[in-house]
Amino acid sequence: MHNSALFLDRDGVINVDRGYIRRPDQCEFVSGIFELARFWTNEPRRPIVIIPNQSGIGRGYFDENAYADLTRWMCEAL
């Protein structure tokens, strides 16, 4: 059993940092992120934890529902 996880920042690590994205059509994944995800999760019980730090919600650029929808889409893509 592994007791490890991979912690990744979202913007700039998982997706190209283009500011406050709120829709899938604004998202471009960083080159190699899918290969990293496959490599890391190749063994059971090795989760990937995404650290989002989304200040765009507090600034009113998008609401929590838009954030949740984009996050769901990104997780399904990964």
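The following paragraphs lead from the overall fold of this predicted model to two of its arginine residues.

The secondary structure of the protein amounts to two helices and two strands, and, read from the N terminus, these elements follow one another in the order β-α-β-α. Along its principal axes, the C-alpha trace extends over about 45 × 25 × 20 Å.

The two strands are a convenient place to begin. Strand β1, residues 6–9, and strand β2, residues 48–51, run parallel and are joined by four bridges; within this pairing, aspartate 9 stands opposite isoleucine 51 in β2. To pass from β1 to β2 the chain goes through helix α1, residues 33–40, and the resulting β-α-β crossover is right-handed.

Some totals for the whole chain help to place these elements in context. Of the contacts between residues at least 6 apart in sequence, 66% join residues that are at least 24 apart. Of the 78 residues, 23% count as buried, while the surface that the protein exposes comes to about 5300 Å², with carbon and sulfur atoms supplying 52% of it. As for charge, there are 9 positive and 11 negative side chains, and the centres of these two sets lie 1 Å apart.

Two arginines illustrate how residues of one loop can be placed. Arginine 10 belongs to the loop between β1 and α1, and arginine 18 is likewise found in the loop between β1 and α1. Is arginine 10 buried or exposed? With a relative accessible area of 3%, arginine 10 falls under the 20% limit and is therefore classed as buried. Once neighbours within four places in sequence are left aside, the residues in contact with arginine 10 are Asn15, Ile21, Ile50, Ile51, Pro52, Gln54, Tyr67, Leu70 and Met74. Among these contacts is Ile51, the residue of β2 that stands opposite aspartate 9.

Arginine 18, by contrast, has a relative accessible area of 53%, which is over the 50% limit, and so it counts as exposed. With neighbours within four places in sequence again left aside, arginine 18 is in contact with Gln26 and Glu28. For glutamate 28, which lies ten residues from arginine 18 along the chain, the C-alpha atoms of the pair are separated by 8.7 Å.

Taken together, the loop between β1 and α1 holds both arginine 10 and arginine 18, of which arginine 10 is buried and arginine 18 is exposed.

Note on methods
Residues are numbered from 1 along each chain as its sequence is written. This is a predicted model: local features need pLDDT of at least 70, side-chain atom pairs count only at pLDDT 80 or more; totals for chains, interfaces and linings use all residues. Side-chain values use heavy atoms; hydrogens and water are left out. Two strands pair if DSSP finds at least two bridges between them. A crossover is right-handed if, with the strands pointing away from the viewer, the path from the first strand over the helix to the second runs clockwise. Buried means under 20% relative accessible area, exposed over 50%, partly exposed in between (1.4 Å probe, protein chains only). Contact means heavy atoms within 4.5 Å. Accessible areas come from the Shrake-Rupley method with a 1.4 Å probe; for residues, only the protein chains shown count as cover. Lys and Arg count as positive and Asp and Glu as negative; His and the chain ends are not counted. The place of a charge is taken as NZ of Lys, CZ of Arg, CG of Asp or CD of Glu.
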